[in-house]
Amino acid sequence: MPPPRTRGTALRQRLAELRGPDVPAKALDARALAALAANPGCERRAILDGAGVDKATLADALGSPSAFGQSQFALTRGNAFEAKVKADGGAELLRLVHERLDPGAAPPVGAALPDLSAIGPEGRTARTALALREATGATGTWTLLDHPMIALDVAGSPAFLEPDAVVVHPDGSWTVVEIKSFPMLDGSADPAKVGAAARQAAVYVLALEAVAARLDPAPRVRHRVLLVCPKDFSNLPTASAVDVRKQRAVTSRQLARLTRIEDIADALPEGACFSPELPAEQLTAAVEAVPAAYAPECLAACELAFHCRERSRAAGAVTSLGRSVRAELGGLTTVEDVLAAAHGESGDPRDPAVAALRRAARLRTEALGTMCH
């Protein structure tokens, strides 16, 4: 068996080949990891994200353009709001952390704001780890890390993540700060958006825990993160503490279940490549060589969702109707199988799913007969 370094080098070379010659890798971010963890059975997304393939460009090349992503207006508004929150050395942000999460500590006056600049993601990750260690050792003071870089191992490959901010408290504990541009109206925000922010923050918490584990003693990474949003319809910041223990546990479990990227890569046909410069037929064949696990939830989280939905519908897969429907149908994996079972043409009548389908079909026939009379 080759040493780990040799295996790692070979894997990186293989992933670069899958991307295509001279195609730069698209870095994984926490939003992508949260979506990846939510659908761990999708080998297609795992290998494409692991290889750093730009899925939006790939979707365009496949003829199924994606509408996924933020508008330029939303990005500009979000950047302006984040700049406002972090103005004056992050004074307002630190005030909110103190007020919502650590009111018993001394007020954050004269907080440290270390320089985290370095060359490349590896350099920034090392610089962030050093700053966290130094801040943790400087007990009694507040430290604000603006856009730190932390790494998380995902299916055998490192993903470099960039939280909006991390705050080190006077007791040495660490807090993740998420800054979003959606409003908090009367102290509460859209539950769906808060849930997405919590899943994203949970990825950062997991990555920080890996950094903390390398310190002795290991500092505490707080499971209550700070969500900062505009107040009502203004541009004034307000904040809420969000407990992400549940999201952290789910994300950790799902990431651990991901098939290792090298196993997926080894199963691909020789010469498979996902470069958008390839002819459409060759590119489609390469993508279809990797199994997907499409569900309607993918439409809100993956750039390839339209392509995978079309293929799933063409194959009659019941997953295109939703994961809950798929779970109820047991071993019936296609719409054709479901209809045949409902009409008594196939299936074991002792199977609860088959029995329920036949009862539903019978009730439907009776209802239609009553309407006709």
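Biologist: Is Glu92 buried, partly exposed or exposed, and what is its relative accessible area?
Modeller: This is a predicted model. Residues under 20% count as buried and those over 50% as exposed. Glu92 falls in between and is partly exposed, with a relative accessible area of 25%.

Biologist: Which residue forms a salt bridge with Glu92, and how far apart are the closest N and O atoms?
Modeller: The partner sits in helix α6 (residues 87-101), 3 residues from Glu92, about one helical turn away. That residue is also partly exposed, at 36% relative accessibility. The partner is Arg95, and the closest N and O atoms are 2.7 Å apart.

Biologist: How many residues apart in sequence are the parts that Arg222 and Asp171 tie together?
Modeller: The two side chains meet in a salt bridge at 3.5 Å, N to O. Arg222 lies in the loop between α8 (191-212) and β6 (224-230), while Asp171 lies in the loop between β4 (165-168) and β5 (174-179), so the pair ties together parts separated in sequence by 51 residues.

Biologist: Is Arg222 buried or exposed, and at what relative accessibility?
Modeller: Its partner Asp171 is partly exposed, at 48%. The cut-off for buried is under 20%. Arg222 therefore counts as buried, its relative accessibility being 10%.

Biologist: Which residues are linked with Arg45 and Asp49 in a network of salt bridges?
Modeller: Arg45 and Asp49 lie 4 residues apart in helix α3 (residues 43-50), and both are buried. Their closest N and O atoms are 2.9 Å apart. The network links this pair with Lys55 and Glu303.

How values were computed: Residues numbered from 1 in each chain as written. Predicted model: local features only at pLDDT ≥ 70, side-chain atom pairs only at ≥ 80, totals over all residues. Heavy atoms only, no water. Salt bridge = Lys/Arg side-chain N within 4 Å of Asp/Glu carboxyl O. Helix = DSSP H or I, 4+ residues; strand = E, 2+ residues; numbered from the N terminus. Buried < 20%, exposed > 50% of the residue type's maximum accessible area, 1.4 Å probe, protein only.
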